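Here's a friendly walk through a protein model. Have a look at the fold before reading on.

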Amino acid sequence: MNTKQQSQSFEQLLDTLEDLIDEKAAAPGDEHKLNFAIGDVQGCFDELRLLLDKIDFDPDKHNLWFAGDLVNRGPNSLQVLRFVKALGDSAITVLGNHDLQLLAASEGILQPKQRDTISAILEAPDIDELLKWLRHRPLLHYDKSLNYVMVHAGIYPKWNLQQARGCALELETVLQGEHYRDFLQQMSNWNKPKKWKSGLKGIERLCFISNSFTEMRYCDDKGRVYLNVGSKEVQKKGYIPWYEVPKRALNKTSIIFGHWASLSPQKIKTKKIFALDSGCVHGGKLTAICLQDKSYVSVKCHDAKAYS
Ligand SMILES: [Mn+2]
């Protein structure tokens, strides 16, 4: 980090974020490798190991993509975090809401809730390096040669690929910079604003970006985002999944996401949409998809009563 960046205030940084130009080139793909994308692990370490056995995982032959929420609610979040970090370049992970909440909890900003299972991480001797690694994960991963993009919850329906990548880069810049605590402190402005405007500024802009990538499920047909809505409200108001909003801008690239455990991965009929959270932590399954041949592999949750 240079001296100029170090001397910037959080407010100054917020003012300059919009001007960031997306120059991040897609990482050179290992074209000889098969890529498997895996849904929300949420601390289900035994199931993850079994899933990797099932696909005969070999880091020389395979790359793993994780759709975020590596941690929380399941029994072994610390082991999952250590394991995925140790995979190095063989694994790509995007940040989910539980990952961001873990970062906030580690700073004393959020108090863990009763159902949260992150205390082993908070007490781990290697917490600093684990969470520094986590904080440097992207919000969005794009592979140009495979033509896939991966996020945790979704991509705001009005954003095209370039806008989505630019917005992800804005928030990644903050999370990886010296002011990440300021963002974590303020990120609980969850519900506002509902609709994107390119002129949106500052913390509202960052929260909108964060919500879209890590929390969003439902929108209305005009593209307003509604967070934390129950099924009755969804029915009454006619909300639709973000990926069914008419004229969705990012429709030429396949989108992989997790976060939505009640969707059945193989039942979604929307073209180029791949939902991977099959609710392992709730007693469902942990699912992987091979990006090259679109075949699914899954293992059942070990705990018949579910972990959460
Ligand atoms: Mn989630």
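How many residues does helix H8 have, and how far does it reach from its first C-alpha to its last? Helix H8, which covers residues 161-175, has 15 residues and reaches 21 Å, close to the 21 Å expected at 1.5 Å a residue. Keep in mind that this is a predicted model.

H8 doesn't stick out on its own: the helix is mostly covered, with 11 of its 15 residues buried. Among them are Leu161, Ala164, Cys167, Leu169 and Leu175, but also Arg165, Glu170 and Glu172. So what do the buried residues of H8 pack against? Here are the partners:

| Partner of H8 | Residues |
|---|---|
| helix H2 | 10-17 |
| helix H7 | 127-135 |
| strand E4 | 141-143 |
| strand E5 | 148-150 |
| helix H9 | 180-186 |
| helix H10 | 202-214 |

Next, the nonpolar core. The largest one has 84 residues, and Ala37, Ile38 and Val151 have the most contacts inside it. H8 gives the largest share of this core, 8 residues. Take Ala37 as an example: leaving aside neighbours within four places in sequence, Ala37 is in contact with residues including Trp65, Met150, Ile256 and Leu291.

Now zoom out. The protein chain has 11 helices and 12 strands. Its radius of gyration is 18 Å, close to the 19 Å that the globule rule gives for 308 residues, so the chain is as compact as a globular protein of that length. Along its principal axes, the C-alpha trace spans about 50 × 45 × 45 Å. Buried residues make up 44% of the 308 residues.

Terms used. Residues are numbered from 1 along each chain as its sequence is written. This is a predicted model: local features need pLDDT of at least 70, side-chain atom pairs count only at pLDDT 80 or more; totals for chains, interfaces and linings use all residues. Helices (H or I, at least four residues) and strands (E, at least two) are DSSP runs, numbered from the N terminus. The expected span of a helix is 1.5 Å times one less than its number of residues. A residue is buried if 20 or more other C-beta atoms lie within 10 Å of its own, exposed if 12 or fewer, and partly exposed in between; C-beta atoms are placed from the backbone. Two residues are in contact if their C-beta atoms, placed from the backbone, lie within 7 Å. A nonpolar core is a set of buried Ala, Val, Leu, Ile, Met, Phe, Trp, Tyr and Cys residues joined through C-beta atoms within 7 Å. The radius of gyration is taken over C-alpha atoms; the globule rule is 2.2 Å times the number of residues to the power 0.38.
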